[in-house]
Amino acid sequence: MAHFLDLSGHLSRYRSIPAHMKTLSLSFWLQKRFSTIFADSHHAISTAEKERQLDKENIKYRERSQLFLKDLPWYAMPDDQVLARLEVDRNGLTEAEAKKRLHEFGLNTLSATKVRSPFARFFLQFNNVLIYVLLVSALITGLLRHWIDTGVILGVVLINAIIGFIQEGKAESALEAIRKMLSLEATIVRDGKRMSIFSEELVPGDIVMLASGDRVPADIRLIDVNSLSIDESALTGESHPVSKDVEPVQMNTPLGDRKDMVYSGTLVTHGSAMGVVVGTGDMTEFGRIGQMINEVKEITTPLLRQIAVFGRWLTVGILAVTVFTFIIGTVIRDYSIADMFLMCVALAVSAIPEGLPAVMTITLALGVQRMARLNAIVRRLPAVETLGSVTVICSDKTGTLTKNEMTVQTVVTPDRLFEVTGTGYFPAGEFYLNHHMVEVYKYPELEELVHAAVLCNDAVLQEKDDTWTVIGDPTEGALLSLGMKAGIDPNVQRDLEYRISSIPFESEHRFMATLNQDSSGTKFIFVKGAPETIIERSSDERTETGKRPINPHYWHEKIREIASSGQRTLAVAAKKVSADKTDVTFGDVEGGLVMLGLFGIIDPPREESLLAVDQCHHAGIVVKMITGDHVETARVIGERLNIGVGKPAVTGAELEKMDDAELRRVVGEVDVFARTSPEHKLRLVEALQANGEVTAMTGDGVNDAPALKRANVGLAMGVKGTEAAKEAASIVLADDNFSTIAGAVREGRRIYDNLQKGILFLLPTNGGMTMVVIAAVLFDFALPMTSKQILWINMITAVTLCLGLTFERPEANVMDRPPRNPKAPPLSYYQIWRIVFVSFILMLAALLLFNLELRRGQSIEVARTIVACTIVVGQMAYLLNCRFLRSSSLTRRIFCGNPSIYISMGILAVLQLIYTYAPWFHDLFDTASLRPQDWILVLAMGLGTFLIIEMDKAIERFLAARNGKPDF
Ligand code: ATP
């Protein structure tokens, strides 16, 4: 079986195949076909019988089409028969036909998993122990006929449920958007053209190209394979990759043994292939088991889990304190059971931070959504927190730190060095020799070199509005552009010397080889790859007049020369083979090649990378470059980006010679690793982790997956990355850009800060009120707040105020402080102190004013209203303290950056004024109007609270600076 994987060069060979029956409706055609396929097989049911069955079951049109395809044993049919049955040839379907089939078969997606109705989602908000406690309290207060308490408790429950419902909806839609961003693309052939479409638009009959690292987008019958192996573990549980070919297998062969089929959801681990789609969506084997791939799981992280556990223990603790207070109140202090019960209900309601889970989840969901907007798509949520602890980022070079817009600038043949002008892929430029413009055709060795580079090449250049872009590998795109500058039309050339077989480029072996045949029937193997690899396989070199034994010294000298200007190096060699050769194997390219020449390709660093690397350095993060490129190129580019300046660079070959202890030492000292292959990445991550570093690692290839999984934060390339890499990673960089990593670290730190701010704000505000009640009961003075009043404050403040904090921007020093210690508990000792201290301050302020007012002869109603207002104003003041975790809030920045803080404070102020002055509230809550001088006291208390906490923060900063941790 011939292997024609590069269609662009061979399309003409297939153009003669007639496209038949295209006018027939697909379903009609399918029905017709069905009666002929395996008509003699006892497995087939007659069409008429099937029709009757379908009619009887009243199955819809689309499902009917699907059923006709579903039952066909594609694996047992020869490939040409499969193509004929699906009415397609290797040129693919026409767009019109594809559209028709899409209508007929529907999108290539699995039927949506059951979505919970909004109604059900709302009621599920009540399924929570805290809420049960509140509902029981409401019931009992109702039985005691304290309708206002009942009403307020139900209000709290309802507000909580509404906020929970909204936040869950927001979180869901954030995740949904992210899921969409991760949707697969497939490379297909339609109308004879190779193109990329969303996998969900695939239809039966589409011709799909698969390459290593791809996730198989549908059920596909293979028609051409090239050393293809597939990881089918997702489907069959078989953990070892299975190799595939195109020969049909016996009827009834089990799924795992169908060598000529690949199934949706499995992974290409090696090689490449072409195949025809035989099943999409629910018709696929994956559809049958109804699983979803690529799912972004529920919203949770280690911190959130810790908080949830903490929340449960807190509830138990609060209930214990409440029972204790109840006993003291009734037995020792002689409160009536009913009063004390109401008080304890209020106590429990006010102490339980029921808003905490909602605030945590929404902070995380909004953060993840923001990160997606910044091009960092989070696949595993714990990574958001880990980002804040990252101490080392290991980044690829090409395309991540550099632009990946390659242009050939230097061409070296055995006797000459040519310079080429032009920028980007735009195929206009001149060749210069010793500063004189030259015609390529006058130098046959140059012409042959360029010509080989065009043939040993899978890329396609395309022009739109005068802009040239590359489909495929940018390095290869640069060679195509060079070819066009030399007057070679890649399409014509590829047709004239069509490809018979190929070994695709992989980072491990660092070369690509093709077997081509020209019009006279002569066959050549062309190899292009990393120069060292090519030189060691070459015995001769091509000169102007013929060939001579290779001079490795000359080539190594030239490689160094080119690389030291930061250019990537790439070499090309060729070998004539016998006319009966039908396949190129690794053995064929082991030796005996004729070196044709060398290319120097510029790939300029991204401007924003330099800035991002500097930001990382400031943030205490070491940036290491791990590249497959030449050591000199890597060193020069590294230097331009401030990576590893003045330090040695180490190659993959050198790494291999090191034992683990040596490697651990070296990874600490070296920042540039060159000529590495994916296995080295895994060793480097492990060595860094053994040194106690929290490591982020980028990757794109299928073989990068182990290192991505092992890294604390695996970062996959969204554009050039394979599906295998994306699935192994915890974050996908939608733009492959290093600066996105720095942005993600910043965002990760912001989210963690905001989660902490939420906790630091909520707990003391609950704690303050609880302490007021406990103090009153313990020290036997009039209760400063009635149960209704406590419930009121709780209802209007807790969640509303805190939600404002979730929108808080990153603090100014967020990238100037060292990474967070991942082993540190979620709250530091200082933060625990702050929670207790603030609770105490709020209690003190409330009790102070309460007693002062009573002493001044004010009614208990006025004193209690003042207490409620003091707590509300104190909370507002404390909210401002919490806007900046460690740095001072006594700054102008307190007035800007987050309008939602001021909006929620404004709403709260209005509600509190209504509470204080509306006669209706006087009756309901036993409140009283305050005089202006009362407000002065209340506001002074708020200001005092704010200043005392600022002082506390300042002392903490001073102590931290003295202990050598200035940013904490
Ligand atoms: P990174 O810095 O992201 O690791 P890289 O392109 O430098 O990327 P590889 O992709 O592993 O690293 O490439 C290593 C070497 O292989 C390159 O320096 C080049 O010489 C050669 N090479 C790259 N792309 C191709 C290709 N498509 N065909 C043949 N050789 C290639």
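Student: What makes the pair formed by Asp629 and the ligand a polar contact?

Tutor: A polar side-chain atom of Asp629 lies 2.9 Å from an oxygen atom of the ligand. A polar contact is a pair of N or O atoms within 3.5 Å; within protein, one must be able to donate a hydrogen and the other to accept it, and residues adjacent in sequence count only if both atoms are side-chain atoms. The distance of 2.9 Å is within 3.5 Å, so the pair qualifies. This is a predicted model, in which local features need pLDDT of at least 70 and side-chain atom pairs count only at pLDDT 80 or more, while totals for chains, interfaces and linings use all residues. Residues are numbered from 1 along each chain as its sequence is written, and side-chain values use heavy atoms, without hydrogens and water.

Student: Which part of Thr569 is 2.8 Å from an oxygen atom of the ligand, backbone or side chain?

Tutor: The atom of Thr569 is a polar backbone atom. For Ser507 a polar side-chain atom lies 3.2 Å from an oxygen atom of the ligand.

Student: How much of the ligand's accessible area does the protein cover?

Tutor: The ligand on its own has 610 Å² of accessible area, and the protein covers 92% of that. Such areas come from the Shrake-Rupley method with a 1.4 Å probe; for residues, only the protein chains shown count as cover. Helix H17 (474-485), strand E18 (523-529) and strand E21 (568-577) are the elements that give two or more residues to the shell, and E21 gives the most, with 3 residues. Helices (H or I, at least four residues) and strands (E, at least two) are DSSP runs, numbered from the N terminus.

Student: How many residues of the shell around the ligand are charged?

Tutor: The count is 10 charged, with 7 polar and 3 nonpolar. Asp, Glu, Lys and Arg count as charged; Ala, Val, Leu, Ile, Met, Phe, Trp, Tyr, Cys and Pro as nonpolar; the others, Gly among them, as polar.

Student: What makes E1 and E2 paired strands?

Tutor: Two strands pair if DSSP finds at least two bridges between them. Strand E1 (residues 185-190) and strand E2 (residues 193-198) have 6 bridges in the antiparallel sense, so they pair. Arg190 has Lys193 as its bridge partner in E2, and Ile188 stands opposite Met195. In their hairpin, with 2 residues between the strands, Asp191 takes a positive phi near 50 degrees. E1 also pairs with strand E3 (residues 207-211), antiparallel over 3 bridges.

Student: Why are E8 and E24 said to stand at the edges?

Tutor: The open sheet of 8 strands runs E8-E28-E27-E26-E9-E23-E25-E24, with mixed pairing. Strand E8 (376-378) and strand E24 (649-651) each have a single partner strand, so one side of each lacks a neighbour in the sheet. E24 pairs with strand E25 (residues 672-674) in the parallel sense over 3 bridges.

Student: How do you know that the span of H30 agrees with its number of residues?

Tutor: The expected span is 1.5 Å times one less than the number of residues. For the 27 residues of helix H30 (residues 829-855) that gives 39 Å, and the end C-alpha atoms are 38 Å apart, so the two agree.
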